[in-house]
Amino acid sequence: MAAVAKAPPVYPPAAKRRNIEGWIKVKFVVDEQGQVDKVAVLDADPEGVFEQAVLRCISGWRFRPGTKGGVAVKALVEQTITFKLEG
């Protein structure tokens, strides 16, 4: 399954000011039309910093749907998104 639209999440300004880096592990369903549904945070480090930025972003992602026997099917995806300051 390939992403066709996958903009990165916005780095939360408060985390950037405080030089906080971290990651979020999420799971979500990609439906038969390639749209994201049922997003859930599985783990985060640090907790309570990046979750909202990721949840807002992922809902706009689009994928080429998975197929089984040539027919589009729903697929469960897990992904870790890393927040790292440059420089």
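## Salt bridges and a nonpolar core

A search of this whole predicted model turns up 2 salt bridges. Let's work through them, then move on to the core.

**Exercise 1.** Find out which parts of the chain the Glu21–Lys84 salt bridge links.

*Solution.* Start with the atoms: the side chains of Glu21 and Lys84 meet at 3.8 Å, N to O. That passes, because a salt bridge needs the nitrogen within 4 Å of a carboxyl oxygen. Next, place the partners: Glu21 is in the loop between α1 (13-17) and β2 (22-30), while Lys84 is in the segment after β7 (75-83). They're 63 residues apart, so the pair links distant parts of the chain. Finally, check exposure: Glu21 is partly exposed at 36% relative accessible area, and Lys84 counts as exposed at 58%.

**Exercise 2.** Do likewise for Lys25 and Glu78.

*Solution.* Here the side chains meet in a salt bridge at 3.5 Å, N to O. Lys25 sits in strand β2 and Glu78 in strand β7, so this pair ties together parts 53 residues apart in sequence. As for exposure, Lys25 comes out partly exposed, with 30% relative accessible area.

**Exercise 3.** Work out which residues have the most contacts inside the largest nonpolar core, and which elements supply it.

*Solution.* The core has 19 residues, and Phe28, Ile58, Trp61 and Phe83 have the most contacts inside it. At least two core residues come from each of β2, β3 (36-45), α2 (51-58) and β7. Now zoom in on Phe83: leaving aside neighbours within four places in sequence, its contacts include Pro9, Tyr11, Ile24, Phe50 and Val54. Glu21, from the first exercise, is also among them.

Note on methods:
Residues are numbered from 1 along each chain as its sequence is written. This is a predicted model: local features need pLDDT of at least 70, side-chain atom pairs count only at pLDDT 80 or more; totals for chains, interfaces and linings use all residues. Side-chain values use heavy atoms; hydrogens and water are left out. Helices (H or I, at least four residues) and strands (E, at least two) are DSSP runs, numbered from the N terminus. Buried means under 20% relative accessible area, exposed over 50%, partly exposed in between (1.4 Å probe, protein chains only). A nonpolar core is a set of buried Ala, Val, Leu, Ile, Met, Phe, Trp, Tyr and Cys residues joined through side-chain atoms within 4.5 Å. Contact means heavy atoms within 4.5 Å.
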